[in-house]
Amino acid sequence: MDEIVRTALGELNRAMLDRDPAVAELFLSDALLVGSEPGEVARGRTAIAALLGAIHAMDYTVWWDLPQLDSGGSDQQVWFFAQGDVVLAGAQTRRLPYRISGTLTRTEAGWRWALFHGSEPRR
């Protein structure tokens, strides 16, 4: 299961680094994305595209370095919890502790995000 999650996280990171407007295609049509900041809640690809588009418009890029991973599930759905850092790369690069939990669902197009939940643990 870990390899499935690492691949999905890698695809998401590439899309975020490239500021790819098609990033929402990595999510199911009715997926839920909950970020760590107030107001970062989006249900469905259109809302997810808008939320991530606003992040792409920032003067820095966002990606995740998550070396700690726990996962499980079946051949159709995977759950996971990952810990590490969110990386904010711009004029200066900052790394902040970050956690992501989520679920991935197998589709004909490959594994797609059903749930993404990010949080910044207290330091």
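## Contacts along the chain

A contact here means that heavy atoms come within 4.5 Å of each other. With that in hand, take the contacts in the chain with a separation of 6 or more: residues 24 or more positions apart account for 49% of them. Keep in mind that what you're looking at is a predicted model.

One pair of residues shows what distance along the sequence and distance in space look like side by side. Thr7 and Leu32 sit 25 residues apart in sequence, and their C-alpha atoms are 19 Å apart in space. Thr7 belongs to helix H1, which covers residues 2-17. With a relative accessibility of 36%, Thr7 counts as partly exposed.

## The overall fold

So what is the chain built from? Its secondary structure comes to two helices and six strands. Going along the sequence, you meet them in the pattern α-β-β-α-β-β-β-β. The radius of gyration is 14 Å, close to the 14 Å that the globule rule gives for 123 residues, so the chain is as compact as a globular protein of that length.

If you'd like a feel for the dimensions, the C-alpha trace spans about 40 × 30 × 25 Å along its principal axes.

## Inside and outside

How many of the chain's 123 residues count as buried, as a percentage? The figure is 41%. As for the outside, the chain exposes about 6800 Å², and 51% of that comes from carbon and sulfur atoms.

Then there are the charges. The chain carries 12 positive and 16 negative side chains. Work out the centre of each set, and the two centres turn out to lie 4 Å apart.

## The aromatic residues

The rings are worth a look in the viewer. There are five aromatic pairs in the structure. One of them joins Trp64 and Tyr98, a tilted pair with 6.4 Å from centre to centre and 45 degrees between the planes. Trp64 lies in strand S3 (residues 61-73) and Tyr98 in strand S5 (residues 93-107), so this pair ties together parts that are 34 residues apart in sequence.

Are these two partners buried or exposed? Residues under 20% relative accessible area count as buried. Trp64 has a relative accessible area of 10%, so Trp64 is buried. Tyr98 has a relative accessibility of 5%, so Tyr98 counts as buried too.

The pair also belongs to a wider group. Phe27, Trp64, Phe80, Tyr98, Trp113 and Phe116 form one aromatic cluster.

Key: Residues numbered from 1 in each chain as written. Predicted model: local features only at pLDDT ≥ 70, side-chain atom pairs only at ≥ 80, totals over all residues. Heavy atoms only, no water. Helix = DSSP H or I, 4+ residues; strand = E, 2+ residues; numbered from the N terminus. Rg over C-alpha atoms; globule rule 2.2 N^0.38 Å. Buried < 20%, exposed > 50% of the residue type's maximum accessible area, 1.4 Å probe, protein only. Areas by Shrake-Rupley, 256 points an atom, 1.4 Å probe, with all protein chains shown as cover. Lys, Arg positive; Asp, Glu negative; His and termini not counted. Charge placed at Lys NZ, Arg CZ, Asp CG, Glu CD. Phe/Tyr/Trp six-rings, centres within 6.5 Å; stacked < 30°, edge-to-face > 60°.
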